[in-house]
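Here are a few exercises to work through with the model open beside you. Try each one yourself before you read the worked solution.

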Amino acid sequence: MKNSTNLSTLGKAVIRQEARSIEALLERIDHSFERACEAILNCCGRVVVIGMGKSGHIGNKIAATMASTGTPAFFVHPGEASHGDLGMVTDSDVVVALSNSGETGEVLMLLPVIKRLGVPMISLTGNPSSTLATKSDIHLNVGGEKEASPLGLAPTSSTTATLGRGDALAVALLESEGFPAEDFERPHPGGALGRRLLLRIGDIMHRGERLPYVPSGSTVAEALLEMTSKGLGMTAIVDQDGTILGIYTDGDLRRTLDQQIDVQTTMVDEVMSRNCTTVHTEILVEEALNIMDQKNINGLFVINEQGTAVGALNMLDLLHAKAV
């Protein structure tokens, strides 16, 4: 059995080789890459990605990435395509074909049908002289580096390079189309990312009896009691109309105690923070997180159009909502 040091050395060698395969792509981002992007941007239909074996797995991921970033795309297995699934391809689509050798039989078998449809075909291969490369309208070279496996047979560097090319296409298209963050939320309803982009502050804030606030003129002790009962580590100080005049937090309490102020007799107005950051109910959780990060704060109060306090939340609420 190989010792752990040797295993680590082998692992690092693989990473270095695959990194070289990605690095080599930089010199190949040229007019062909621009033409490929333009063909997809001008497409009125969808991007149809095809690939066999390991290239098929990479193709599936490329199609999924495009679909989630504003470029309608789907993957078709070449074997299934030759048995009817090619009927999903229309003359408004663009085909992206993957094959490291450029000679994969199952993919080449589809070329006559694709040509008859008259759709643009972009190929990603490791051999610019291959059949697939020369028969394509646009060819993107992903080859040049040896595979990372000792025998040079298992697809490693080639699949990594192809994936890198696919990601470059997807992100370039995203930027060109000006795909906004709010549109990214629709295909990502699950997980923290989806929640950050789907949830609005009004969905998770404390409201009504759970909203921590005390009227102006309350003592620090009364403010502390409100903070303790509502459990947000802060309370708003409001006027008779409910407008926020300031905020008192755990941090303010520490500063108050350092000054040896009598909490029973001191008015909270004297020690509150007057520059209170507020937001509206309709902002996204993603925006709230950015505000909290920029301001280096752990909580926010929510106001309505009239400036009245209607809600509050802190970082724990975002954690409980699985938004972070």
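Two strands count as paired if DSSP finds at least two bridges between them. Keep in mind throughout that this is a predicted model.

**Exercise 1. Placing β4 among its partners**

Find the strands that pair with β4, and give the sense of each pairing.

Solution.
- Step 1: Begin with β3, residues 94-98. β3 and β4 are joined by 4 bridges in the parallel sense. To find the register, look at valine 96, which sits opposite isoleucine 122 of β4.
- Step 2: Move on to β5, residues 138-141. β4 and β5 also run parallel, and 4 bridges join them. Here the register can be read from threonine 125, which faces asparagine 141 in β5.
- Step 3: Put the two together. β4 pairs with β3 and with β5, in the parallel sense in each case.

**Exercise 2. The faces of β4**

Decide whether the residues of β4 are buried or exposed, taking one face and then the other.

Solution.
- Step 1: Recall the general pattern. Side chains in a regular strand alternate between the two faces of the sheet.
- Step 2: Sort the residues by face. Met121, Ser123 and Thr125 lie on one side, with Ile122 and Leu124 on the other.
- Step 3: Apply the cut-off, which is under 20% relative accessible area for a buried residue. The residues on both faces of β4 are all buried.
- Step 4: Draw the conclusion. Because 5 of the 5 residues in 121-125 are buried, β4 is largely enclosed by the rest of the structure.

**Exercise 3. A close look at threonine 125**

Describe the surroundings of threonine 125, a residue of strand β4.

Solution.
- Step 1: Check the accessibility. Threonine 125 has a relative accessible area of 0%, so it is buried.
- Step 2: Look for a polar partner. The threonine 125 side chain comes to 3.1 Å from the backbone nitrogen of asparagine 127.
- Step 3: List contacts beyond four places in sequence. Among them are Ser99, Asn100 and Gly102, as well as His139, Leu140 and Asn141. Ser130, Leu132 and Ala133 are also included.

**Exercise 4. Threonine 90 for contrast**

Work out which exposure class threonine 90 falls into, and which residues beyond four places in sequence it contacts.

Solution.
- Step 1: Locate threonine 90 in the loop between α4 (78-81) and β3.
- Step 2: Classify the residue. Its relative accessibility is 32%, so threonine 90 counts as partly exposed.
- Step 3: Read off the contacts. With neighbours within four places in sequence left aside, threonine 90 touches Arg46 and Val119.
- Step 4: Compare sequence and space. Threonine 90 and isoleucine 114 are separated by 24 residues in sequence, while their C-alpha atoms are 9.5 Å apart.

**Exercise 5. Building a mixed sheet**

Reconstruct the sheet that contains β6, β7 and β8, and find the helix that packs on it.

Solution.
- Step 1: Set the order. The 3 strands make an open sheet, β6-β7-β8, with mixed pairing. β6 (213-215) and β8 are the edge strands, each pairing on one side only. On average, neighbouring strands in this sheet are turned by 30° against each other, direction ignored.
- Step 2: Examine the parallel half. β6 pairs with β7 (residues 234-238) over 3 bridges in the parallel sense, and proline 215 lies opposite valine 238.
- Step 3: Add the helix. α12 packs on this sheet and touches β6, β7 and β8, with its direction at about 75° to that of β8.
- Step 4: Examine the antiparallel half. 5 bridges connect β7 and β8 in the antiparallel sense, with alanine 236 across from isoleucine 247. These two strands form a hairpin with 5 residues between them, and glycine 242 in the turn has a positive phi of about 90°.

**Exercise 6. What does α13 pack against?**

Name the elements that the buried residues of α13 pack against.

Solution.
- Step 1: Pick out the buried residues of α13 (250-258): Gly251, Asp252, Leu253 and Thr256.
- Step 2: Follow their contacts. These residues pack against α12 (220-230) and β8 (244-249).
- Step 3: Look just past the helix. Glutamine 260 follows α13 with a positive phi of about 55°.

Key:
Residues numbered from 1 in each chain as written. Predicted model: local features only at pLDDT ≥ 70, side-chain atom pairs only at ≥ 80, totals over all residues. Heavy atoms only, no water. Buried < 20%, exposed > 50% of the residue type's maximum accessible area, 1.4 Å probe, protein only. Polar contact = N/O pair within 3.5 Å; in protein donor to acceptor, adjacent residues only side chain to side chain. Contact = heavy atoms within 4.5 Å. Axes fitted to C-alpha atoms, helices over the stretch in contact; angles between N-to-C directions.
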